[in-house]
Amino acid sequence: MPVIAVVDYDMGNLHSVCKGIEKAGATPKITDSAKEISLADAVVLPGVGAFDPAVQHLRERNLEQPIKDAIASGKPFLGICLGLQILFESSAEGTQPGLGIIKGKVRRFQHEPGITIPHMGWNQLEFTQPKSILWEHLPANPWVYFVHSYYVDPTDPQVRAATVTHGTQTITAAIAKENLMAVQFHPEKSSNIGLQILSNFVSQVREQIAA
């Protein structure tokens with residue numbers, strides 16, 4: 001089975017992510033070791049919490065360069081929730097620089113009548129890259145589970161793989177660029193749809209190993 005490094009920087013719900021990866025047919029390995037990240041077949045960067053502590057913890061554990069190296073190596077990489085946001089250059093939530101792997105900023109939802117912030121619960125995806133491997137075997141506009149007050153705003157709209165609408169605000173729900181994929185929602189909490197997304201990611205890992 002493919003080995004997937006799950007990056008541990010004290011900011012993720014690692015247990016449920018690992019259970020999802022196992023169900024999808026891969027072996028998760030929780031690690032903060034640069035060597036283990038480099039040896040893994042793929043990398044998952046989960047995350048819950050605030051932007052500044054997340055990037056601080058990553059840097060304190062010397063994980064910034066191993067993450068960048070893993071993405072540059074071409075191995076499949078999946079960011080989840082805060083693990084999507086810290087790939088960007090900066091966030092309205094804090095003052096620390098992000099990893100800057102994707103150009104753009106993290107912004108906060110605007111208050112408007114009738115919506116709650118955080119955006120929390122089930123909502124429907126609108127695919128902007130319908131042929132992305134992440135969406136294989138999914139119905140149109142699938143329901144997934146979100147918990148967030150901030151969202152990514154990529155400089156290049158071409159990296160958007162899906163959007164979601166909360167109130168009148170349509171924002172980026174997922175990005176995909178070559179081997180780098182990341183989602184704002186929680187696939188590990190998104191029932192069968194989420195499991196299919198994780199299975200699609202694992203399928204890509206298998207294809208890369210076989211190639």
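This text goes through strands, a helix, the nonpolar cores and some single residues of a predicted model.

Strand β13, residues 180-183, is a convenient place to start. Two other strands pair with β13. On one hand, β4 and β13 run parallel and share 4 bridges; within this pairing, Leu78 has Met181 of β13 as its bridge partner. On the other hand, β12, which spans residues 169-177, pairs with β13 in the antiparallel sense, again over 4 bridges. Here Ala174 is the residue whose bridge partner in β13 is Val183. β12 and β13 form a hairpin with 2 residues between the strands, and in this hairpin Glu178 adopts a positive phi near 55°.

In a regular strand, side chains alternate between the two faces of the sheet. For β13, both faces are covered: Leu180 and Ala182 are buried on one side, and Met181 and Val183 are buried on the other.

Part of the surroundings of β13 is helix α4. This helix covers residues 64-72, and its buried residues are Glu64, Pro66, Ile67, Ala70 and Ile71. Residues three or four places apart in an α-helix point the same way, because there are 3.6 residues a turn. The elements that cover the buried residues of α4 include α2 (34-39), β3 (42-45), α3 (51-60), β4 (77-80) and β13. Just after α4, Gly74 has a positive phi of about 95°.

From β13 the chain enters a loop that leads to α6, and His186 is found in this loop. His186 has a relative accessibility of 2%, so the residue counts as buried, the limit being under 20%. Beyond four places in sequence, His186 touches Val48, Ile80, Cys81, Tyr145 and Val147.

Cys81, one of these contacts of His186, is itself buried, at 6% relative accessibility. What is the relative accessible area of Cys18? For Cys18 the value is 9%, and this residue is buried too. The count of disulfides in the model comes to 0. A disulfide is a covalent bond between the sulfur atoms of two cysteines. For Cys18, the nearest cysteine sulfur belongs to Cys81 and is 16 Å away. Because a disulfide would need the two sulfur atoms within 2.5 Å, Cys18 is in no disulfide. The same holds from the other end: Cys81 is in no disulfide, and its nearest cysteine sulfur is that of Cys18.

Cys18 is also among the contacts of Ile30, together with Val6, Asp8 and Leu14, when residues up to four places away in sequence are not counted. Ile30 belongs to strand β2, which runs from residue 27 to residue 31. Is Ile30 buried or partly exposed? Its relative accessible area is 45%, so Ile30 is partly exposed, lying between the limits of 20% and 50%. Ile30 and Arg61 are separated by 31 residues in sequence and by 14 Å between their C-alpha atoms.

The nonpolar interior comes next. The largest nonpolar core contains 41 residues, and those with the most contacts inside it are Ile4, Val44, Leu125, Trp135, Phe185, Ile197 and Phe201. Helix α6, residues 191-210, gives this core its largest share, with 6 residues. A second core is separate from it and has 31 residues, including Phe51, Val55, Tyr150 and Ile175. In the largest core, Ile4 can serve as an example. Apart from neighbours within four places in sequence, Ile4 is in contact with Ile21, Ala26, Thr27, Pro28, Lys29, Ala42, Val43, Val44, Phe201 and Val202.

Two residues of the second core, Phe51 and Val55, are also contacts of Gly98. Gly98 lies in the loop between β5 and β6. At 8% relative accessibility, Gly98 is buried. Its other contacts beyond four places in sequence are Arg59, Ile86, Phe88, Glu89 and Ser90. Gly98 and Ala54 are 44 residues apart in sequence, while their C-alpha atoms are 9.3 Å apart.

The strands on either side of this loop, β5 and β6, belong to an open sheet of 3 strands. The order in this sheet is β5-β6-β10, with mixed pairing. Its edge strands, each paired on one side only, are β5 (90-91) and β10 (150-154). Strand β6, residues 104-108, pairs with β10 in the antiparallel sense over 5 bridges. In this pairing Gly104 stands opposite Pro154 of β10.

Definitions and conventions. Residues are numbered from 1 along each chain as its sequence is written. This is a predicted model: local features need pLDDT of at least 70, side-chain atom pairs count only at pLDDT 80 or more; totals for chains, interfaces and linings use all residues. Side-chain values use heavy atoms; hydrogens and water are left out. Two strands pair if DSSP finds at least two bridges between them. Buried means under 20% relative accessible area, exposed over 50%, partly exposed in between (1.4 Å probe, protein chains only). Contact means heavy atoms within 4.5 Å. A nonpolar core is a set of buried Ala, Val, Leu, Ile, Met, Phe, Trp, Tyr and Cys residues joined through side-chain atoms within 4.5 Å.
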